[in-house]
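Work through the exercises below with the sequence and the model open side by side. Each task is followed by a solution in steps.

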Amino acid sequence: MNELTNMRLTDRIGHTPLIRLNHLSDATGCEILGKAEFMNPGGSVKDRAALGIVRDAEAKGLLRPGGTIVEGTAGNTGIGLAVVGNSLGYPTIIVMPDNQSQDKVDTLRAYGADVRLVPACPFANPGHFVHQSRRIAEELNEKDPGSALWANQFDNVANREFHEATTGQEIWEQTGGKVHGFICAVGTGGTLAGISRALKAHNEKVAIGIADPAGSALYNYLTTGELRAEGGSISEGIGTSRITANFADTCVDIPYQIPDSESIPLVYDLIRQEGLCCGGSTGVNVAGAVRMARELGPGHIITTIFCDSGLRYRERLFNRAFLASKGLELPNWLTL
């Protein structure tokens, strides 16, 4: 009984199941398995980064009791930080670009976060949401030293270290050490970097892939050495135009560039064929897993990340007019 009464919400972050994609596994002859990160308390894989960053800051004395957590995020890390912060007694200030889904903004505000929307702009612009969040934390600390933590999810390697210690180890154990490949998209780089380090430490032959959406520069960087972005994607929270501290030195064996025309139909297929309603980033990940399965050939175990719920993107993923404006279609069986 004591173990139950002492259990915190934060203890429920992680330990998510691997779910087999039956249709795609049968079609490729591989076992395609997704880590169900949407089952975390905050509803996404970013709960792990949030908890890892907060626990690291506590251990280093960077976050005092009642201190404020400040972060620049496309949404899910902010939600994770709000969940973790509320559970542990830290208020949150979240700076977001104004082109993200209203569903995520509303969720953050429902958790009581102080949400500050700013115009979307390139990282080189001082008005970028990451830079603005850093300045807010600095201003708070100038007024009251030690009162604020800038989470800095992109370059705070506590992010990837937590994934290495938890997500990667879980995948290894859940597959009985038989995993042949792991692939996902990159935002901060923490998920891919941490998991790849964990899996490669067990078996250096595990293939690591990146599923890079259009509009991100990593595919070109990994194939040509040039950070060059082309096109765009409706998926949120993934893709980057720089090499973050979390992603630096990460071993990527197989890079793919995934267009929306390939990933978004898979989002609807997951609903229809598997009963999984996930967001656009999951569609990119699954597209990458299918490509990796076909490249490695039948008989392999391929793992990826089911990042979050598709219900966080209702105004995009289930909006016929919006999709049509991007050259995409909503399936006829969806009567919306």
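**Exercise 1. Describe the surroundings of T188 in this predicted model.**

Step 1. Begin with the contacts. Setting aside neighbours within four places in sequence, T188 is in contact with K46, Q153, F154, N159, T244, N246 and F247.

Step 2. Place the residue. T188 sits in the loop between β7 (181-184) and α9 (190-202).

Step 3. Decide whether T188 is buried or exposed. Its relative accessibility is 3%, so T188 counts as buried, the cut-off for buried being under 20%.

Step 4. Look for polar partners. The side chain of T188 makes a polar contact of 3.0 Å with the side chain of N159. A polar atom of the T188 side chain also lies 3.1 Å from the backbone nitrogen of G190.

**Exercise 2. Determine which residues of α8 are buried and what covers them.**

Step 1. List the buried residues. In helix α8 (residues 167-174) they are T167, G168, E170, I171 and W172.

Step 2. Identify the cover. It includes β2 (31-36), α3 (46-59), α7 (158-165), β7, α9 and β10 (301-306).

Step 3. Examine one residue of α9. A198 lies in this helix and is buried, with a relative accessible area of 1%. Not counting residues up to four places away in sequence, A198 touches E164, G168 and Q169. The C-alpha atoms of A198 and W172 are separated by 8.2 Å, although the two residues are 26 residues apart along the chain.

Step 4. Check the end of the helix. Just after α8, G176 takes a positive phi of about 65°.

**Exercise 3. Find the aromatic pair and state what it connects.**

Step 1. Count. There is one aromatic pair.

Step 2. Give its geometry. Y268 and F318 are edge-to-face, at 6.3 Å centre to centre with 65° between the planes; the edge-to-face class requires over 60 degrees.

Step 3. Locate the partners. Y268 is in helix α11 (residues 260-274) and F318 in the loop between α13 (314-317) and α14 (320-325), so the pair ties together parts that are 50 residues apart in sequence.

Step 4. Check burial. Both Y268 and F318 are buried.

**Exercise 4. Compare three salt bridges by location and exposure.**

Step 1. Recall the principle. Side chains of opposite charge can pair when their charged atoms come close. The structure holds 18 salt bridges.

Step 2. Take D26 and R20, whose side chains meet at 3.1 Å, N to O. D26 is exposed at 57% relative accessible area, while R20 is partly exposed at 27%.

Step 3. Take D103 and R314, with their closest N and O atoms 3.2 Å apart. This pair links distant parts of the chain: D103 is in helix α5 (residues 102-110) and R314 in helix α13, 211 residues apart. D103 counts as buried at 15% relative accessibility, whereas R314 is partly exposed at 47%.

Step 4. Take E138 and R134, which meet at 3.4 Å, N to O. They are four residues apart in helix α6 (residues 129-143), so about one helical turn separates them. E138 is partly exposed at 39%, and R134 is partly exposed at 25%.

Step 5. Add the network. K35, E37, R48 and E170 are joined into one network by salt bridges that share partners.

**Exercise 5. Identify the nonpolar surface patch that contains Y221.**

Step 1. Name the members. Y221, L222 and L227 form the patch, with about 220 Å² of accessible area together.

Step 2. Characterise Y221. It lies in helix α10 (residues 218-224) and is partly exposed, with a relative accessible area of 33%.

Key. Residues numbered from 1 in each chain as written. Predicted model: local features only at pLDDT ≥ 70, side-chain atom pairs only at ≥ 80, totals over all residues. Heavy atoms only, no water. Helix = DSSP H or I, 4+ residues; strand = E, 2+ residues; numbered from the N terminus. Buried < 20%, exposed > 50% of the residue type's maximum accessible area, 1.4 Å probe, protein only. Polar contact = N/O pair within 3.5 Å; in protein donor to acceptor, adjacent residues only side chain to side chain. Contact = heavy atoms within 4.5 Å. Patch = residues over 30% accessible without salt bridge, like charges linked within 9 Å, V, L, I, M, F, W, Y side chains within 5 Å. Areas by Shrake-Rupley, 256 points an atom, 1.4 Å probe, with all protein chains shown as cover. Salt bridge = Lys/Arg side-chain N within 4 Å of Asp/Glu carboxyl O. Phe/Tyr/Trp six-rings, centres within 6.5 Å; stacked < 30°, edge-to-face > 60°.
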